[in-house]
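Me: Could you take me through one part of this protein in detail, the surroundings of the ligand, and then follow the chain outward from there? I would like to see how that spot connects to the rest of the fold.

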Amino acid sequence: MRSRKGIYIHIPFCVKKCNYCAFLSFDAVTSPRGEYTEALCEEIRLRAAETKDRRIDTVYIGGGTPSVLDVSQLRDILHTVRECFDIKEDAEITIEANPATLGRKDGVMLAKLQAYKYMGINRLSMGVQSMDNDRLHFLGRIHTAENVARDMKLAREKGFDNLNLDLIFSVPGESREDALKDLDEIIALNPEHISCYSLQIEEDTPFAEMIEHGEMTEAPDEEDRETYHAICGRLREAGYEHYEISNFAKPGYRSRHNSLYWDMSDYIAFGLGASGFTDNARYRNTSDIEDYIKTVGEGRLPIAESYANTPFDNISEAVFTGLRRIEGISYEDAVAAYDRASETTIKNSPKERFWEIFKEAKTEAEEYEKRGLLIIDDQGLRLTEQGIDISNSIMSLFV
Ligand code: SF4
């Protein structure tokens with residue numbers, strides 16, 4: 001059976017840097033958006049020329065804030081993708097469209113959404129983060145709760161029926177009740193998909209600096225975990241399936257693109273700093289925008305580093321990412337990931353082979369099982385809801 005394959009496209013521009021953001025993004029006004037778009041299209045053509053199987057199931061345009069691109073720039077990018085790859089008719093095509101970046105006036109915004117529809121974009125992902133204007137301001141976001149409600153309404157009007165909204169919780173100064181109130185307001189907007197992330201303080205961000213200067217303190221771990229579990233419960237009650245540590249969807253609306261990452265399928269990544277995984281090898285593009293434009297202009301792929309996975313890398317990554325899914329990872333899928341990068345196939349059962357490969361992790365894994373944090377059965381393993389709280393420690397057993 002052919003495994004699924006996706007395309008990720010990175011648009012590294014934002015209107016303003018958020019206070020917690022460590023993503024690769026630059027000022028949308030002063031950056032060379034036009035030159036970048038041309039380089040991106042050229043990179044797509046260059047990589048397509050050396051890709052054998054060009055059938056694609058999902059396309060994800062992320063950033064940054066892709067919705068700051070002009071419609072014509074986005075059209076050029078998607079046109080090039082369609083010219084160079086075989087995009088399946090029912091492909092999921094997502095764009096991250098931050099509130100307040102689609103246009104100030106309803107008419108402008110509707111025209112932009114209409115253009116997205118014509119381009120075949122069928123899923124919008126909005127970085128809402130909070131429905132409290134003070135908290136949005138504190139986070140450094142440029143939008144308000146009113147923008148979110150308006151954007152949702154207009155997106156529905158234009159027929160978008162697959163919307164994701166992101167929520168950030170454990171913002172300093174926010175109580176559990178505040179977080180749940182945010183969540184309730186997001187649920188009331190009735191999106192098909194909700195992603196919930198605990199605020200992470202990343203190095204070299206204004207928030208990291210504020211913590212260093214004693215101007216802010218992070219939410220205590222225990223409180224953060226209690227809020228997380230309350231969020232999971234509230235979303236389940238509202239009819240959302242909890243299918244990945246941070247992701248919840250109405251039935252039939254799981255993110256097909258993100259699922260590619262969690263099941264070790266291939267994805268080709270384009271754009272500044274983008275990372276891809278194809279044919280059991282990983283690569284990362286340069287993060288220097290001038291270098292990116294120059295390299296692609298010279299007809300070369302802008303790769304900063306690439307390496308082939310060993311069979312162990314493959315199974316280790318499969319377990320690490322697979323455990324993020326609530327259904328966990330089966331021995332069969334994990335061992336299949338190993339075999340994809342291996343020249344020899346041993347005939348033992350997947351379960352026997354799995355524990356042969358991870359024999360050194362077995363005792364500790366069983367300890368986690370006894371503590372009710374990990375479920376190990378004949379099919380594979382999965383985290384319990386309490387196990388999610390220490391997911392990194394459990395996952396690191398398999399690295
Ligand atoms: S919009 Fe997203 S990518 Fe841009 S600065 Fe804010 S968090 Fe970072």
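Reply: Happy to; what follows starts at the ligand and works outward through the helices, cores and domains. Please keep in mind that this is a predicted model.

Let's begin with the shell itself. Around the ligand sit C14, K17, C18, C21, F23, S25, G63, G64, T65, N98 and G127. Sorted by class, that shell holds 4 nonpolar, 6 polar and 1 charged residues.

Two of these neighbours deserve a closer look. The peptide bond leading from G63 to G64 is cis, and its omega is near 20°. As for where this places us in the fold, G64 belongs to the loop that joins β4 (55-63) to α2. If you are checking the backbone around the ligand, this is a good spot to have in view, since G63 and G64 are both part of the shell.

Following the chain on from that loop, we come to helix α2, which spans residues 71-84 and includes V71. V71 has 15 C-beta neighbours inside 10 Å and therefore counts as partly exposed. Setting aside residues within four places in sequence, the contacts of V71 are K112 and A115. For a sense of scale, the C-alpha atoms of V71 and E360 are 53 Å apart, with their positions 289 residues apart along the chain.

Now to the interior. The largest nonpolar core has 68 residues, and I7, I9, L40, V59, L167, I186 and I194 have the most contacts inside it. Taking L167 as an example, and leaving out residues up to four places away in sequence, it touches V128, Q129, D182, L183, I186, I194 and C196. Apart from that core lies another one, of 21 residues, including I315, A334, F354 and L383.

Stepping back to the domains, the assignment gives domain 1 as 5-261 and domain 2 as 310-399. Their C-alpha centres lie 30 Å apart. Where they meet, 8 residues of domain 1 are in contact with 8 residues of domain 2. On the domain 1 side, α8 (221-237) and β9 (241-244) each supply at least two of the touching residues. By class, that side has 4 nonpolar, 2 polar and 2 charged residues.

Helix α10 comes next, covering residues 289-297, with Y292, I293, T295 and V296 buried. Viewed down the axis of α10, the buried residues fall within an arc of 170°, so they line one face of the helix. Those buried residues pack against α1 (33-49) and β13 (281-285). Just after α10, G299 adopts a positive phi of about 85°.

One last stop is the loop between β12 (275-278) and β13, where D279 is found. N280 lies in that loop as well, between β12 and β13. D279 has a phi near 50°, a positive value in a residue other than glycine, and N280 likewise has a positive phi, near 60°. What about their surroundings? D279 has 12 other C-beta atoms within 10 Å and is therefore exposed, whereas N280 has 17 and is partly exposed.

Notes
Residues numbered from 1 in each chain as written. Predicted model: local features only at pLDDT ≥ 70, side-chain atom pairs only at ≥ 80, totals over all residues. Near = placed C-beta within 6 Å. Nonpolar A, V, L, I, M, F, W, Y, C, P; charged D, E, K, R; others polar. Core = buried A, V, L, I, M, F, W, Y, C linked by C-beta atoms within 7 Å. Buried ≥ 20, exposed ≤ 12 C-beta atoms within 10 Å, placed from the backbone. Contact = placed C-beta atoms within 7 Å. Domains from an automatic or database assignment. Helix = DSSP H or I, 4+ residues; strand = E, 2+ residues; numbered from the N terminus. Arc of directions from axis to C-beta.
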